[in-house]
Structure formats: structure tokens, C-alpha cells
Amino acid sequence: MSSGAETQKNILKSMSPERKVQLALDLNFSARRLKVAFLKSTHPDWTDRQIQDKVREIFLYART
């Protein structure tokens, strides 16, 4: 394993379960915000409701 991967592994091992869950939630929130921004830029005619519905569908079915 590379030293970077080993360092990352050690950091994750030292985290509490609560911190790992919070990190996962933060990453999910960030991914959703990025998807919203992408959809708004590619579909400027869509309403906010359409955007949110599409993001929900994408994450529900793990589509890109």
C-alpha cells in the first residue's frame, strides 16, 4: 500500500464511528449540491422542483 493510502487508512481507523457517519453525511450533501449545480447549468429551463426531483431520483437509483 502507498504511504498516502496508509496514512488515510490510519486516519480513518482513528476516527470515532460518529465522526465517520458525519463525514459520510457531509460527502453526500456535497455530492448533492454539485449535482444540483450541474443540472441547473445543463437544464436552465427546469424549475427548482424539477431539479430536486431529479437529484432525488439520481441518488435513489445511483445514476449519474
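**Reading a three-helix model**

Mentor: Let's start with one residue: Asn 28 has its place in helix H2, which covers residues 17–42. Keep in mind that this is a predicted model.

Trainee: Okay. Is Asn 28 buried, exposed or partly exposed, and why?

Mentor: Relative accessibility decides that, and the middle class lies between 20% and 50%. Asn 28 comes out at 34%, so this residue counts as partly exposed.

Trainee: Which helix holds Ile 51, and why does Ile 51 count as buried?

Mentor: Look in helix H3, residues 48–61, for Ile 51. Its relative accessibility is 1%, and buried means under 20%, so Ile 51 counts as buried. Over the whole protein, buried residues make up 11% of the 64.

Trainee: How do I read distance in space against distance along the chain?

Mentor: Take two pairs. Asn 28 and Phe 59 are 31 residues apart along the chain, and their C-alpha atoms are separated by 9.4 Å. For Ile 51 and Gln 22, 29 residues apart in sequence, the C-alpha separation is 25 Å.

Trainee: Phe 59 has a ring. What lies over its face?

Mentor: Arg 32 does, at 4.5 Å from the ring centre.

Trainee: And how would I describe a pair of aromatic rings?

Mentor: You'd give the distance of the centres and the angle of the planes. Here there's nothing to describe that way: searching the whole structure turns up zero aromatic pairs.

Trainee: Zooming out, how many helices and strands are there?

Mentor: Three helices and zero strands, so to speak an α-α-α run from the N terminus on.

Trainee: What does the radius of gyration say about the overall form?

Mentor: Compare it with a reference. A compact globule of 64 residues would come in near 11 Å, but this protein has 16 Å. Along the principal axes, the C-alpha atoms fill a box of roughly 45 × 25 × 20 Å.

Trainee: What about the surface and the charges?

Mentor: About 5400 Å² is exposed, with carbon and sulfur atoms supplying 58% of that area. As for charges, there are 12 positive and 7 negative side chains, and the centres of the two sets lie 4 Å apart.

Key
Residues are numbered from 1 along each chain as its sequence is written. This is a predicted model: local features need pLDDT of at least 70, side-chain atom pairs count only at pLDDT 80 or more; totals for chains, interfaces and linings use all residues. Side-chain values use heavy atoms; hydrogens and water are left out. Helices (H or I, at least four residues) and strands (E, at least two) are DSSP runs, numbered from the N terminus. The radius of gyration is taken over C-alpha atoms; the globule rule is 2.2 Å times the number of residues to the power 0.38. Buried means under 20% relative accessible area, exposed over 50%, partly exposed in between (1.4 Å probe, protein chains only). Accessible areas come from the Shrake-Rupley method with a 1.4 Å probe; for residues, only the protein chains shown count as cover. Lys and Arg count as positive and Asp and Glu as negative; His and the chain ends are not counted. The place of a charge is taken as NZ of Lys, CZ of Arg, CG of Asp or CD of Glu. Rings of Phe, Tyr and Trp (its six-membered ring) pair if their centres lie within 6.5 Å; planes under 30 degrees apart count as stacked, over 60 as edge-to-face and the rest as tilted. A charge sits over a ring if NZ of Lys or CZ of Arg is within 6 Å of the ring centre and within 35 degrees of the ring normal.
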